[in-house]
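Trainee: Please take me through this model step by step. I will keep my questions short.

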Amino acid sequence: MKSKADKSQFSKFLSDNGIWVVLVVLIIAITLVNRNFLTPQNAVALLTGESVKGVLTFGVMMAILSKGIDLSTGSVAALSAIVSAALCQQATATKLWAGLGTMPAIVGILAGIAIGCIVGFANGWMVAYLHLHPFIATLGTQLICRAICKLLTPGPVSKLTPGFRFLGNGRIGPLHMIVLVMIILFCISAFILRETRFGKSVYAVGGNDQAARVAGINVESVLIRVYMWCSVCAALGGILLAGRSDSADPANTGLNYELDAIAAATVGGTSQTGGICRISGVAAGILIMGVINNGMVMMGVNDQMTFIVKGLIIIGAVAFDMRKNRVKA
Amino acid sequence: MADEYILEMHGICKYFPGVKALDGVELQVRPGTVHTLMGENGAGKSTLMKCLIGMQPVTEGQIIYKGQEVHFKSVQDSIHAGITMIQQELSPVLERTVADNLWLGREPMKNKFMCDNKALYVEAEKLFKKLNLDVDVYAKMKDLTVAKQQMVEIAKAVSHDASIVIMDEPTSALTDAEVEDLFRIIADLKSKNVAIIYISHKMDEIFRISDDITVFRDGTYVGTDRAANLNHDKLIEMMVGRKITNMFPKIPCPIGDVMFKVENLSSGKQVKNVSFEVRKGEILGFAGLVGAGRTETMETIFGMRKKDSGKVYLNGKELDIKSPRDAIDNRIGMLTEDRRGNGIFGLLSITDNTTVANWKAYGMPMNHKQMLKDTEEFNTKIRTKTPTWETRIMNLSGGNQQKVLLARWLLTAPDVLIVDEPTRGIDVGAKSEIHELLSKLAGEGKAVIVISSEMPEVMGISDRIVVMHEGEMTGIIERKDFSQELLMRYATGGSAIEGLKQTVNAES
């Protein structure tokens with residue numbers, strides 16, 4: 001009897017943390033092919049490369065948990081990047097907004113975040129009060145934000161002040177700021193989900209919005225805050241991206257990042273049916289997507305093959321999750 | 001033997017995680033008869049039928065159909081073999097027409113690839129004509145009343161030329177005239193040697209149409225007999241396993257001053273000018289037929305539904321309630337009717353489900369220890385059975401889920417507790433525990449409002465009963481005057497007996 005209980009405990013542990021097993025297996029497999037994969041230098045390259053998408057993932061994860069989705073994150077990142085970068089161009093640069101002096105980094109960053117707040121509020125409001133399907137609402141803002149980017153500037157905004165670039169490009173000792181930002185965001189997300197009433201309310205709204213209303217949760221307010229959180233994360237991602245590459249490009253910055261973020265959150269076990277999300281799983285999801293991106297290059301696999309592997313992993317992960325949740329139901 | 005019965009089920013067991021839904025159940029059905037299954041909600045009738053038609057696999061047991069052992073793996077299998085079922089909860093495709101729904105999955109075909117859209121409607125009309133039913137086959141399903149939808153569902157089941165038709169509470173949403181239509185169809189089927197397995201709670205109906213009756217209790221088989229050998233009381237005793245008087249342990253308690261008062265409440269067409277008051281320590285019952293507006297009245301009070309007019313007072317103070325949050329902040333709790341729909345969070349733990357209406361009280365970061373302590377305290381008090389407090393609530397039985405929801409509302413320490421169909425779909429044991437609990441709560445000086453469609457229940461636990469009919473109050477009855485006949489008269493909109501009319505007037 002007892003051993004049976006142990007066994008089910010073990011299989012529960014496996015099914016709850018299977019995603020980490022997948023990650024370890026992937027790392028071992030790639031390392032076997034190319035020894036250079038598992039080196040500190042490459043780990044740094046991998047993490048700095050994935051940080052922006054990671055930040056976006058912690059945002060969209062919340063939207064998916066609430067039984068929604070956010071397709072606008074990539075465009076919001078671009079818009080935030082362009083506006084904040086335009087405020088923090090070096091004196092010698094060709095200014096996007098001629099006549100505007102160089103602002104302190106904090107002004108640029110806050111401007112970017114403010115954009116996130118505005119777009120997020122709009123998304124949340126449309127979902128909560130107009131009852132638009134989040135897919136449609138955020139598809140709309142995705143197109144609009146990208147178009148505004150292109151209206152603001154035909155080409156990249158570049159030559160940014162070192163102060164502004166610090167978040168995306170700086171270091172404290174060996175630690176890259178961009179990675180630190182992602183880790184801090186992970187901690188904040190975990191705190192929100194586990195320790196705050198808001199976090200628990202998101203689970204409740206995603207799991208059963210009718211029941212949430214009856215239990216006294218202000219569903220509209222929760223949804224607005226969810227989409228604001230999501231867009232603020234995206235805006236922060238844009239600021240990091242601009243700082244890292246020293247430019248914000250209306251056409252390419254953050255392009256298709258929303259899909260990578262959704263993929264990472266999904267692979268990490270965040271269920272599209274709402275109400276299911278483990279922050280540790282999402283962290284693993286981000287790392288898995290990073291390991292595939294980076295590892296496939298290290299193995300000399302071409303781009304298209306990488307996409308095929310990514311596609312298969314996403315499908316496989318969701319199929320696994322569906323099975324798991326069906327057994328429990 | 002093989003000739004006598006068209007269907008035999010022996011020793012059927014069905015286990016769900018943590019619950020024995022069926023334990024060694026027997027059923028033998030003769031062709032050309034109506035065989036009624038009886039038992040309290042949750043006795044396993046519907047589960048047994050789902051096992052029969054292959055919707056759920058049986059854990060153990062043998063099913064013999066037309067002399068051969070069968071194992072249907074899917075509903076398609078059983079339909080193919082000649083067994084169709086009218087589900088208790090309908091699932092029509094609302095945006096499609098009646099004819100589309102009728103032939104769903106077996107549309108008449110022009111050739112291999114193309115549906116014969118003309119035949120679709122012509123055949124549907126023919127079928128309804130044959131059954132003598134008045135349904136517009138071109139109407140969209142969503143535009144039909146629930147009763148008409150039910151008739152479509154019945155026509156669909158009949159149209160399969162089945163040997164066995166299972167009807168799971170087919171009359172719950174039907175008007176009297178439509179019930180007659182249904183009985184006519186049933187008689188017609190019987191004459192064609194079709195066996196009907198009939199599930200219902202309505203005694204009159206059962207004795208009118210049944211040939212055989214099988215009774216279940218808590219997932220076990222109690223017995224089978226010819227309907228002619230049974231009567232009301234015998235049947236209830238078989239179902240409950242004890243005299244019905246034990247079902248409602250009402251603890252007499254002193255009734256105080258008026259605590260909660262509703263004046264001229266209206267909301268849309270479902271709630272018209274409702275006024276009542278509840279005293280401290282009183283249990284006020286709400287009776288009426290399905291759709292009488294009882295739930296809607298309570299939803300309006302609780303802020304789930306827009307109030308057109310009317311006032312609500314608690315302890316003499318007028319309340320302004322616009323959302324459930326406002327209601328909870330004013331110490332009103334409401335256990336809703338639709339446990340799955342707007343009660344439980346299936347994916348969340350017992351702890352979260354218990355504390356959700358009280359999350360405000362746990363600070364930030366949230367005090368998980370306190371949450372667990374409260375969960376344990378309140379659920380232990382009302383004897384919720386669960387492996388751990390972290391178990392997802394969807395893994396509990398209906399009765400235990402209901403107890404967790406009760407714990408949720410008790411934790412908010414309400415002055416007024418509204419419970420809507422508190423014992424629907426839960427087993428007999430848990431049922432009387434919940435009755436006891438409600439009685440105790442009233443004894444603690446709360447005002448309790450109970451909506452129930454089960455007359456014995458509402459008569460058993462209430463001090464007074466408000467009866468509603470089509471959104472209006474038709475009467476208030478004092479405990480000493482309780483009788484099924486009077487309740488029924490009010491519930492069907494009938495006028496009051498002269499003497500009682502005065503009581504009602506005095507009340508309002």
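**Two chains, their cores and a sheet**

Trainee: How many helices and strands does chain B have?
Mentor: Helices (H or I, at least four residues) and strands (E, at least two) are DSSP runs, numbered from the N terminus. Counted like that, chain B has 18 helices and 20 strands.

Trainee: What pLDDT do local features need here?
Mentor: Residues are numbered from 1 along each chain as its sequence is written, chains are lettered from A and ligands numbered from 1 in the order written. The model is predicted: totals for chains, interfaces and linings use all residues, side-chain atom pairs count only at pLDDT 80 or more, and local features need pLDDT of at least 70.

Trainee: What is the radius of gyration of chain B?
Mentor: The radius is taken over C-alpha atoms, and the globule rule is 2.2 Å times the number of residues to the power 0.38. For 508 residues the rule gives 23 Å. Chain B comes close to that, so it is as compact as a globular protein of that length, with a radius of gyration of 24 Å.

Trainee: What share of chain A counts as buried?
Mentor: Start with the make-up: chain A has 13 helices and four strands. A residue is buried if 20 or more other C-beta atoms, placed from the backbone, lie within 10 Å of its own; it is exposed at 12 or fewer and partly exposed in between. In chain B, 43% of the 508 residues are buried. In chain A, with 329 residues, the share is 49%.

Trainee: Which helix of chain B gives the largest share of the side that touches chain A?
Mentor: Two residues are in contact if their C-beta atoms, placed from the backbone, lie within 7 Å. Chain B gives 24 residues and chain A gives 19. Helices H10 (324-329) and H11 (339-342) of chain B each give two or more to chain B's side. The largest share, three residues, comes from H10(B).

Trainee: Which helix gives the largest share of the largest nonpolar core?
Mentor: A nonpolar core is a set of buried Ala, Val, Leu, Ile, Met, Phe, Trp, Tyr and Cys residues joined through C-beta atoms within 7 Å. The largest has 162 residues, and A:Val55, A:Ile82, A:Cys233, B:Leu438 and B:Val450 touch the most other members. The largest share, 17 residues, comes from helix H10 (residues 219-245) of chain A.

Trainee: How many residues does the other core have?
Mentor: It lies apart from the largest core. Its members include B:Ile63, B:Tyr65, B:Ile86 and B:Ala195, and its size is 59 residues.

Trainee: Which strands stand at the edges of the six-strand sheet?
Mentor: Two strands pair if DSSP finds at least two bridges between them. In chain B, the open, mixed sheet runs E16-E17-E18-E13-E19-E20. Two of its strands have a single partner strand each, so one side of each is left without a neighbour in the sheet: E16 (332-335) and E20 (472-478).

Trainee: Which residue of E19(B) stands opposite B:Gly285?
Mentor: Strands E13 (residues 283-288) and E19 (residues 464-469) of chain B run parallel, joined by five bridges. Opposite B:Gly285, in E19(B), stands B:Ile465.

Trainee: At what angle does helix H9 of chain B run to E18(B)?
Mentor: Axes are lines fitted to C-alpha atoms, for helices over the stretch in contact, and angles run from 0 to 180 degrees between N-to-C directions. H9 (residues 294-301) lies across E13, E16, E17, E18 and E19 of chain B. To E18(B) it runs at about 145°.
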